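Hi,

Here is the structure I said I would pass on. Have a look at it first, and then read my notes underneath.

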Amino acid sequence: MNSIFSGPLAGRKTRIALAVAAFAVAGAVFFSRSDESKPAEAAKVAAARPALTVSLTAPQKLDWPLVLPANGNVVAWQEAVIGAEIANFRITEVRVQVGDKVKKGQVLARIASDTVASELAEARASVAELEASAAEAKGNAERARELKEKGFYSTQLNTQFQTAQNTAQARLAAARARQQGADLKVSKTAVLAPDDGVISARSATVGSLTQTGQELFRLIRGGRLEWRAEVPSADLGKVKAGVVAILTAPGGETVKGAVRAVSPSVDPQTRNGLVYVDLPVTSAVRAGMFARGEFSLAQSPALTLPQSAVVLREGFGYVFRMEGEDRVAQAKVALGRRLGERIEILSGLEPTARVVATGAGFLADGDVVKVVDGVAK
């Protein structure tokens, strides 16, 4: 029996095996092609998906001030050095401290007055004595003149009485001058403020002796400060009296001043000239501070964008403008002035361009985006 059925059965088994193998190969090829097509389709889906949802803005043309930056020191407009006008007298009282505001004529310190008071009393007594002597000499001279006219006195004797009268008057005048000096000396025992202002320094101490030329106080006249800005000689001619200057104090506050004068000379070493700017009374700046600022010279048109639309990379400025309906292109731009939250675009951007307003830092050249809210201002 094996010999009878071995031939046909073997052929049928072979054909079945071949058919199964063919189906297996076809299925493998089908599934392999299906697997190969999935990454391509996924890439297409990923490429079509937006990288970011953005809002757009358009450049605005505004009139902005043309500014000139500068640096300089804040100093006192005028600082008066106050000292004692009499020497070798003891200070008995100090009435002000550094930072105090004072008025013209206000007493800052007092000096011992007992010695000068005794000198004044002596001068007054001397004046009283010489006033009596001068009155007696005047009476003698008048009588001598009358008796000479009657022939009782000679001309020589009359001249002697007249000379005695003139001498007494001269001595009286000298005594009165000494009394005036003593009065003045007494008044100098009070150290007075020469003007309204703020005390910026004090070296006077109770018990110390006054010396000629010794500084007791320093006074900022009127409490006025000024900014002495250093401006390059090439730009010095652009700054005129009355030009507005805006300072930035070390604490971040801004102070607005006005140019009072421009130096007529330039430092031969730095090639900078000084511009004197009057400052208002404020606690934001103090004498001795270093401050940065800028002068507003004129108005000029500027093509501006919000600062959020500008991306800084490797020291250059870039914006992302729309190309078509859903794709952005990176554009390199030259930056200029800044005012508030906006920045000037000098070149690299058309005035009619549509620019990504926010989130530009997360984009790359050629990204697909989704635009919302139209064009922002």
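Below is what I found, starting with confidence and then going through a helix, some salt bridges and two buried side chains.

Keep in mind that this is a predicted model. The chain averages a pLDDT of 83, with 85% of its residues at 70 or more. Two stretches I would leave out of any discussion are residues 25–38, where pLDDT stays under 50 and the model has zero contacts beyond four places in sequence, and residues 40–46, with pLDDT again under 50 and zero such contacts.

Helix 3 caught my eye. It runs over residues 155–187, 33 residues in total, and spans 48 Å from first to last C-alpha, close to the 48 Å expected at 1.5 Å a residue. Its buried residues include Asn 158, Gln 162, Gln 165, Ala 168 and Leu 172, and the buried residues of helix 3 pack against helix 2 (114–150). A salt bridge also connects these two helices: Arg 124 and Asp 183 meet at 3.6 Å, N to O, with Arg 124 in helix 2 and Asp 183 in helix 3, 59 residues apart. Arg 124 is partly exposed because its relative accessible area is 45%, and Asp 183 is partly exposed as well, at 30%.

In the whole structure there are 15 salt bridges. Glu 85 pairs with Lys 188, their closest N and O atoms being 3.3 Å apart. That pair links distant parts of the chain, 103 residues apart: Glu 85 sits in the loop between strand 3 and strand 4, and Lys 188 in the loop between helix 3 and strand 7. Glu 85 is exposed at 61%, while Lys 188 is partly exposed at 25%.

Another one joins Asp 278 and Arg 224 at 3.4 Å. Asp 278 is in strand 13 and Arg 224 in the loop between strand 9 and strand 10, so the bridge ties together parts 54 residues apart in sequence. Through shared partners, Arg 224, Glu 226, Arg 228, Arg 260 and Asp 278 form one network of salt bridges.

Now the two buried side chains. Arg 337, in strand 17, counts as buried because its relative accessibility is 15%. Its side chain makes a 2.9 Å polar contact with that of Ser 300, and one of its polar atoms lies 3.2 Å from the backbone oxygen of Trp 64. Thr 210, in the loop between strand 8 and strand 9, is buried at 0%. A polar atom of the Thr 210 side chain is 2.8 Å from the backbone oxygen of Ile 86, and the contacts of Thr 210 also include Phe 89 and Ile 111.

Cheers

Conventions. Residues are numbered from 1 along each chain as its sequence is written. This is a predicted model: local features need pLDDT of at least 70, side-chain atom pairs count only at pLDDT 80 or more; totals for chains, interfaces and linings use all residues. Side-chain values use heavy atoms; hydrogens and water are left out. Helices (H or I, at least four residues) and strands (E, at least two) are DSSP runs, numbered from the N terminus. Buried means under 20% relative accessible area, exposed over 50%, partly exposed in between (1.4 Å probe, protein chains only). A polar contact is a pair of N or O atoms within 3.5 Å; within protein, one must be able to donate a hydrogen and the other to accept it, and residues adjacent in sequence count only if both atoms are side-chain atoms. Contact means heavy atoms within 4.5 Å. pLDDT is the predictor's confidence in each residue, from 0 to 100. The expected span of a helix is 1.5 Å times one less than its number of residues. A salt bridge is a side-chain nitrogen of Lys or Arg within 4 Å of a carboxyl oxygen of Asp or Glu.
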